[in-house]
Structure formats: structure tokens, C-alpha cells
Amino acid sequence: MKREIRKVAVLGSGVMGSAIAAHLANAGIPSILLDIVPKAPDPAEEKAGLTLQSKAVRNRFARVALENATKAKPAPFFDVALTSLIEIGNFDDDFARIGECDWIVEVVVENLEVKKSVMSRIAEHRKPGSIVRSNTSGIPIGAMSAHCSKEFREHFLGTHFFNPVRYMKLLEIIPGPDTLPEVLSFMSEFGERVLGKGIVRCKDTPNFVANRIGVFGMLRTMHLMEELEYTIDEVDAISGPPMAHPRSASFRTADLAGVDTLVHVCDNVFASVPDDEMRDTFKVPEFVRAMVAAKRLGDKTGGGFYKKGKSPTGERQNLTLDPASGDYKPSEKIKIDSLGVAKNLDSAADRLKNTVYAEDRAGAFAWPLMRDTLLYSANRVPEIADSLSELDRAMRWGFNWDLGPFESWDAIGVRESVAKMKAEKAKVPAWVEAMLASGKETFYVRKDGVRCVYDPAKKDYVAETVHPKVILLPSLKERSKTIQENSSASLVDIGDGVVCLEFHSKMNAVDADLISLLSEGIDYVAANGEGLVIANHDPQAFSAGANLMLIYMAAQQQMWADIEKLSAEFQQANMKLKTSPKPVVVAPAGLALGGGAEIVLHGPKVRAHGELYCGLVEVGVGLIPGAGGCKELAVRATQGLPQGGMVAVDPAPFIVRAFEAIAMAKVSTSAVEARNNGFLRPTDGITLNRDHLIQDAKDEVLHLARMGYRPPQARTDVVVGGEPVCAALVAAVQGMKRSGFVSDHDVKIASKVAYVITGGPVAAGTKVSEQYLLDLEREAFLSLVGEAKSQERIQHMLLKGKPLRN
């Protein structure tokens with residue numbers, strides 16, 4: 001029987017439960033969100049005449065949780081309209097409805113007896129074969145369902161989503177003693193393919209993998225801070241990016257997760273690991289317990305290790321807790337020489353090695369923290385994981401580390417660091433010493449384009465397990481699959497006649513080399529291949545836009561002809577992309593801004609990652625889109641609208657929408673919102689797993705090729721709003737100027753946008769060509785590049801990284 005999950009029951013509507021329901025909605029899966037019935041109406045309900053028998057009262061917890069989820073930051077939904085996929089109810093009236101569901105997700109309080117009670121109720125109402133899972137951060141999986149039937153236990157397993165669910169990649173899956181292998185495989189595949197998660201299969205050990213290592217690191221950080229007399233500001237300055245960890249570092253991460261949650265997890269580990277050699281590390285410092293008692297729980301209560309406050313003069317300021325006094329003090333900017341060096345290093349490995357071996361106050365803290373974390377991780381093999389790569393993935397995906405523990409150990413040098421550890425009388429695990437004694441210097445090596453990881457049991461390297469839907473461009477390049485490349489882009493053969501155009505300039509900024517290879521890549525597949533995918537592995541940006549430094553320097557030297565040539569070449573490359581004789585699928589993920597968004601807009605087909613932040617942001621630097629962005633939104637604004645006859649539709653509202661997208665520099669917060677904003681078509685696909693994106697795009701190319709692809713042609717019949725719509729748009733912007741919302745230069749920029757997307761000096765309803773609109777766009781772009789105020793904005797963006805209003 002082929003399994004499918006068409007509907008899910010989520011039992012428990014707290015922060016995690018509502019976030020899981022939201023992410024199911026992101027994946028297009030309907031759910032029922034249930035919670036307990038309140039004990040009595042609240043004052044507002046009583047005032048409205050409601051009683052405990054009123055549905056609004058009985059469903060209050062689930063309803064309020066869903067309402068809160070729509071307002072939460074960061075947003076758990078791709079689009080709040082997706083709440084329509086979530087029904088709400090309560091345990092007393094609606095529990096039997098779990099029988100409608102293929103997957104039942106229990107997310108109640110972290111208490112074994114409560115969970116066992118819920119399992120008994122689930123067993124009464126679930127349909128046979130439905131999968132039941134408990135979301136827990138550490139309660140033993142086997143103990144929850146031991147009292148249930150064998151069939152129940154065969155379909156029961158544990159999972160551990162990480163918060164915020166939408167954004168955190170890790171999903172730990174923990175089989176129970178009787179979980180069927182096919183259930184485990186199905187849920188692993190579902191979690192990866194449909195929900196977009198990175199799956200780590202865990203053993204049923206205390207706090208599983210990521211929390212066992214991550215919480216150890218966090219508590220060791222706290223104890224070291226007290227022992228070595230560092231401040232919270234110092235610790236977070238050291239333990240963030242300089243140690244290849246996220247910007248939230250240690251204490252900001254704790255505030256995000258919840259200080260009470262951290263204490264609960266630590267207490268659970270301490271009670272569950274009597275033989276752990278570092279058990280005492282999990283003892284929570286007294287100042288942290290005092291924070292919980294005082295309800296200083298982090299972001300959810302408005303203050304934890306950090307909070308917002310005001311200076312004596314009333315200005316907003318960031319405050320940091322002083323553990324000794326329990327008072328908050330103004331946050332300090334930390335200056336340590338090695339941290340300044342680390343800031344200028346692009347490689348996470350280089351930053352880590354620089355910091356750990358620094359002979360200053362940063363190194364004095366970073367080294368013992370890294371030493372103890374590495375040794376603790378090595379001692380957990382094979383207790384919590386058999387594979388070093390599984391443990392590394394758990395920390396990258398669950399705690400946003402740039403490098404997992406064993407990748408970090410490779411970065412600082414295994415032999416060098418072990419020698420330092422032994423000199424300090426630290427006990428190095430025997431298997432690590434045996435690895436070094438055998439002549440193996442690293443935990444990871446690359447062989448024939450494949451990353452291999454050391455297996456302590458086999459005492460040799462084995463190929464790292466990779467999902468078959470993952471295409472790794474660096475691996476293909478190592479196997480001589482590069483067709484052509486320059487400093488900004490490469491053409492890579494990804495098999496079956498499909499070629500991938502990969503950007504690799506800094507932030508994948510668009511420059512002459514990238515434009516050139518975009519054009520040449522289309523020519524290459526036209527003559528030699530089935531089609532083209534445009535994608536890359538950059539974790540931040542598909543493309544952050546045009547190379548502003550090149551434009552600024554050319555403008556300073558008044559090289560207007562060169563700027564016009566670059567704009568014209570980019571426009572024509574994008575038109576070539578749009579009308580390519582072979583199918584092209586653009587696969588953006590992360591930032592697709594300015595010129596990057598213009599490439600997305602011209603893709604004949606787009607396969608986007610769910611986390612797509614796409615927009616035409618040129619107005620922020622005093623310009624308008626100059627590579628077809630204005631043109632393409634103008635084309636899409638009126639495309640398909642009935643014209644003439646009894647069913648003619650006024651195009652003005654659709655043109656206004658396109659104008660606002662450009663003039664307000666709207667950036668989507670998801671691929672779904674990018675579709676709503678007009679940057680994706682309704683027919684463009686969305687993939688939730690970033691690792692599968694290139695393969696999904698390749699599959700689209702091959703499908704289009706098999707179906708007998710016919711390319712779109714350049715339009716000569718684009719209906720424009722003309723002078724009346726342009727005048728209305730300019731009048732609206734001038735009104736904003738009179739109200740003090742925008743500057744004179746903003747009015748000038750917005751007027752240029754209006755002029756271009758309405759078709760210039762023509763009558764309403766005039767039909768024009770795409771090339772006509774491109775010429776208008778390029779002329780307006782060049783006129784603004786020459787403006788001193790625009791150049792001032794570009795310079796400010798380059799220096800400060802944010803827009804200037806002048």
C-alpha cells in the first residue's frame with residue numbers, strides 16, 4: 001500500500017504545535033489543531049455573553065494560538081492566507097476527528113504521564129495504519145507507548161522539530177522499539193521531500209543528538225564565563241561568527257529558545273545520564289535559575305539575558321544582564337584584536353582557527369570551550385550517533401553552526417589540537433588517537449568528488465550518505481563536469497543533457513562576466529543540450545543584484561557609454577533567457593534582489609525555494625531597475641486582461657500594483673508572497689527542501705523538453721496605461737511628498753518608474769513592444785545614474801549597507 005499524508009491532527013496548540021500546523025500549511029497539507037477546553041470563560045468572553053458551552057470559548061486556546069501565529073516574528077507562515085488550511089477544535093468535542101487523519105502529531109506538555117495519557121486517547125480514535133508521533137525534546141520514546149497495542153507501537157515514533165519550525169532545517173526522527181522500518185523510512189522521506197527538512201535519525205538517548213551536544217556547549221559556555229570572569233557581551237562576541245556559530249551566539253540563542261526551555265532540557269539530561277563523564281556541566285548556574293523564577297525567560301517575556309530599554313535621556317538602547325548583580329546594564333561593544341581579524345575572514349574554518357588559537361582574551365575563552373565541546377562530541381560516538389556526519393549535520397541544521405564538531409576539529413587541525421589537549425592533560429578518546437596513529441589526519445576527505453567521513457568502527461573512510469535528489473555542483477566540478485567558467489559564473493554538466501549555470505561572484509552580484517556566461521550558456525544548450533538550470537548553493541543569495549561598486553566607479557569617472565552598454569547587454573541577455581529555444585528553469589533561493597530578481601522575472605519557468613526573498617530594490621540606491629525589471633512587471637500587469645468589447649477590464653489597478661512593487665521596493669518574505677507580488681507565476685513551482693532544488697529544476701527542464709517545448713516570443717502587443725495612468729501615479733507620489741513621507745529625489749525616482757511602466761508619452765490602451773519598454777527603462781536608468789543624489793545613495797549603501805533617504 002502506498003502511503004500518503006492528506007490530513008494531519010496536531011494535538012497541542014502551544015508555540016511548537018501552532019508552528020508545526022503552520023509549516024504543514026506551507027507545504028499545502030490541511031490539519032486539525034486541537035487543545036484542551038478552558039476551565040471558564042475569560043472576562044472578555046463573559047462580557048460578550050459567552051459561556052463554557054460556547055464554541056468560541058471551548059476552542060479558545062487553539063484559536064488564540066493560531067491568531068498569535070499569524071502575528072509572530074519570524075513569521076511561521078509563508079502567507080497568512082494559508083491559515084485556511086488549519087481547522088481548530090478542542091480535545092473534548094473534536095478528539096474523534098483524529099480518525100480522519102493519516103498522521104497524528106502529539107505536542108503536549110513535556111511530561112511522560114501526560115503523554116502516556118494522550119497516547120491512550122489516540123489509540124481509541126485513530127484509524128489503523130495512521131502514523132502517530134510525539135514531538136519531544138528528550139522524553140524516552142519507548143516509555144510513551146509501551147502500554148499501547150503492538151499495531152500502535154509499530155506506527156509510533158518520536159520526532160523533534162526545532163523552533164522556529166519554518167526556518168530550522170533539522171528534524172530528528174527517533175524510532176521506538178517496535179517502529180516498522182517502512183514507517184521510519186516513509187516519515188524520513190516525507191520530512192525531507194515534503195516538509196523540506198534535513199533528517200537525522202537518532203537513537204533513543206537523552207535529548208537525542210543536537211540538544212545533547214548543543215546544550216552541553218551552552219552550559220559549558222556559562223560555567224566558563226563564571227570561572228574565567230567574562231561578561232555576557234564578551235562571550236557572545238567570541239562564541240558567534242568568530243567560532244563559526246550564528247550571530248545569535250550563546251546567550252541570544254538561549255533568549256530565542258526560552259531560558260525556561262533551556263533549564264528543562266538541562267535538568268532532563270542531568271537526571272538521565274548518571275554515567276556521563278561531563279554530567280556536572282548540565283547543572284544549571286544559580287543565576288539562570290533565578291532568571292526563571294523572575295520570569296526573565298527571553299524573547300517571549302520581553303527580557304532574558306538581553307532586553308530593550310531606554311537611556312536616561314529617553315533613547316532606545318540594548319541592555320545586557322549582569323549575572324552577579326541580576327541587574328541590566330547598557331550592552332557593550334567588545335573590541336579584541338583577534339575578533340577584528342576574524343571579521344575580515346570569509347571562511348568559517350579560517351575564522352574558527354584564528355579565534356581558537358588567538359593569544360588574547362578571545363582565544364583564552366574560545367580554546368577551552370572548543371576543546372571541551374570536541375572531546376564531549378567524540379565521546380558520544382557511538383552512544384548517540386554512529387556516524388560523525390550525522391552528528392555534524394545535527395549541529396549545522398539544528399543550531400545553525402557553520403561547521404559541526406568534527407568539521408570544526410578538521411578546521412583547527414586534528415593533530416595540532418590533540419597535541420595541545422594532551423599537553424593540558426585532557427583525555428582524548430582512544431578512537432581519535434587510533435585514527436591519528438594510522439596516519440589519517442582528518443575526519444573528512446574527498447575522493448573522486450565524493451566527501452568521505454571516518455568511521456570509527458571500520459577504522460576507515462566511508463562515502464557520506466547523500467539523498468539521491470541532491471545535486472552537488474562542487475562534486476561535479478571535481479569530476480571535470482565544468483563546461484565553461486569565468487570569475488563570476490560556471491556552466492556545469494548536471495547530466496541527461498541538462499546544464500547548470502552557477503553564479504559564484506561575491507553575493508552572486510551581477511557583472512559583465514556573469515551576463516556574458518548567461519548569454520553563452522543559452523547558446524550552448526541551444527546547440528548541445530536539452531535545457532538549462534540557473535541555480536547555485538549559496539546559503540544567502542541567488543543573487544543580491546548588480547555589482548554596485550562597478551556602477552559607482554563608472555559613474556564617478558563619467559563612463560556613461562560603458563554603463564549604457566552594460567545595461568543593454570543585461571537587458572538583451574534577459575530577453576534571450578526569456579525566449580530561449582530550449583527550456584530554461586531558474587531556481588532561486590534566498591535573496592534575489594535587483595538584477596537577481598530581473599533574472600528570475602525573465603525565466604521562462606521558475607522553480608523557487610520556499611525561502612525566497614525577491615524584489616526590485618533599486619529605488620533604495622536612487623535608481624530604477626535597468627535590466628528589464630520595469631518592463632517585465634509592466635508586461636505581466638496587463639497580460640491576459642480582456643480588452644475591448646463588453647468584458648474589457650481597466651488595466652490601471654494592475655499597473656498600480658506593479659508600480660508599487662518597484663517604487664516601494666517590496667521584497668517577498670517567501671516564495672508564496674513572491675507569487676502574490678507578481679515575481680512568480682501561478683504555474684511556477686515551489687520546493688521546500690533547498691538541497692533538492694537543483695534536481696527539481698532539472699526534472700522540470702526534462703519534462704518541458706519531453707513535452708515538445710515551444711519558447712515564448714518577444715511581445716509586440718503589450719497594453720500600457722499611458723499618460724493618464726502615469727499622471728495619476730505621479731500625483732499620488734507628490735501627495736506623499738506634501739505629507740512629508742518622501743523626498744524630492746524619491747518623487748523623481750518614482751516618476752521615472754511610472755513613466756516607464758505606463759509606456760511613456762502614449763495614450764491609454766496603446767500597444768507597445770517589449771523592446772520599446774526596455775529602451776524607456778534604460779534611458780530612465782541612465783538619467784538617474786548621472787544624478788548626484790543617486791550616486792550619494794549608492795555610496796551610502798556601499799559604506800553602510802542600508803538605504804539613504806536624501
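Strand β22 (residues 605–609) runs parallel to β24, and three bridges join the two. Strands here, like helices, are DSSP runs numbered from the N terminus: E over at least two residues for a strand, H or I over at least four for a helix. Two strands pair if DSSP finds at least two bridges between them. Ala608 has Ile686 of β24 as its bridge partner.

The model is predicted, so local features need pLDDT of at least 70 and side-chain atom pairs count only at pLDDT 80 or more, while totals for chains, interfaces and linings use all residues. Residues are numbered from 1 along each chain as its sequence is written, and side-chain values use heavy atoms, with hydrogens and water left out.

## The sheet around β22

β22 and β24 belong to an open sheet of seven strands with mixed pairing. The order is β15-β16-β17-β18-β20-β22-β24. β15 (482–485) and β24 (685–687) are the edge strands; each has a single partner strand, so one side of each lacks a neighbour in the sheet. Neighbouring strands are turned by 20° against each other on average, direction ignored.

Helix α30 (residues 693–706) packs on this sheet. Contact means heavy atoms within 4.5 Å. α30 touches β17 (498–503), β18 (531–534), β20 (584–586), β22 and β24. Its direction makes about 160° with that of β22. Axes are lines fitted to C-alpha atoms, for helices over the stretch in contact, and angles run from 0 to 180 degrees between N-to-C directions.

## The eight-stranded sheet

Another open sheet has eight strands, in the order β3-β2-β1-β4-β5-β6-β7-β8. Its pairing is also mixed. The edge strands, β3 (86–90) and β8 (198–201), each pair on one side only. The twist averages 25° from one strand to the next. Within this sheet, β1 (residues 8–11) and β4 (residues 103–106) run parallel, joined by four bridges. Leu11 stands opposite Glu106 in β4.

Helix α18 (residues 388–399) packs on the sheet and touches β7 (170–175) and β8. The direction of α18 makes about 135° with that of β8.

## Strands β9 to β11

β10 pairs with both β9 and β11. The table gives each pair.

| Strands | Sense | Bridges | Facing residues | Hairpin residue, phi |
|---|---|---|---|---|
| β9 (residues 306–310) and β10 (residues 316–321) | antiparallel | five | Gly309 and Gln317 | Gly314, near 90° |
| β10 and β11 (residues 328–330) | antiparallel | three | Thr320 and Lys329 | Gly326, near 80° |

The hairpin of β9 and β10 has five residues between the strands. The hairpin of β10 and β11 has six. Gly314 and Gly326 each take a positive phi.

## Helices α17 and α20

Helix α17 (residues 361–379) packs against helix α20 (residues 414–423) at an angle of about 100°, with their axes 11 Å apart. The two are therefore roughly perpendicular, a term for angles of 65 to 115 degrees; under 35 counts as roughly parallel, over 145 as roughly antiparallel and the rest as oblique.

α17 contributes Trp367, Arg371, Leu374 and Leu375 to the contact. α20 contributes Ser417, Lys420 and Met421. By class, these residues are four nonpolar, one polar and two charged. Ala, Val, Leu, Ile, Met, Phe, Trp, Tyr, Cys and Pro count as nonpolar, Asp, Glu, Lys and Arg as charged, and the others, Gly among them, as polar.

## Cavities and a pocket

On a 1 Å grid over the protein atoms alone, a cavity is a set of points where a 1.4 Å probe fits but cannot get out; a pocket is an open set with protein on both sides within 12 Å along at least five of seven lines; lining residues have an atom within 4 Å of a point. Grid points are joined across faces, edges and corners, and a volume is the space filled by probe spheres set on the points.

There are three cavities of 30 Å³ or more. The largest holds about 190 Å³. Of its 16 lining residues, Gly217, Met218, His245, Ser250 and Trp401 are the closest to its centre. α10 (210–228) and α17 each give two or more residues to this lining. The largest share, four residues, comes from α10. The lining has eight nonpolar, eight polar and no charged residues.

The second largest pocket has a volume of about 540 Å³. It is lined by 23 residues, with Glu632, Arg636, Gln639, Gly678 and Arg681 nearest its centre. α27 (629–638) and α28 (652–663) each give two or more residues to the pocket lining. α27 supplies the largest share, five residues. This lining has eleven nonpolar, five polar and seven charged residues.
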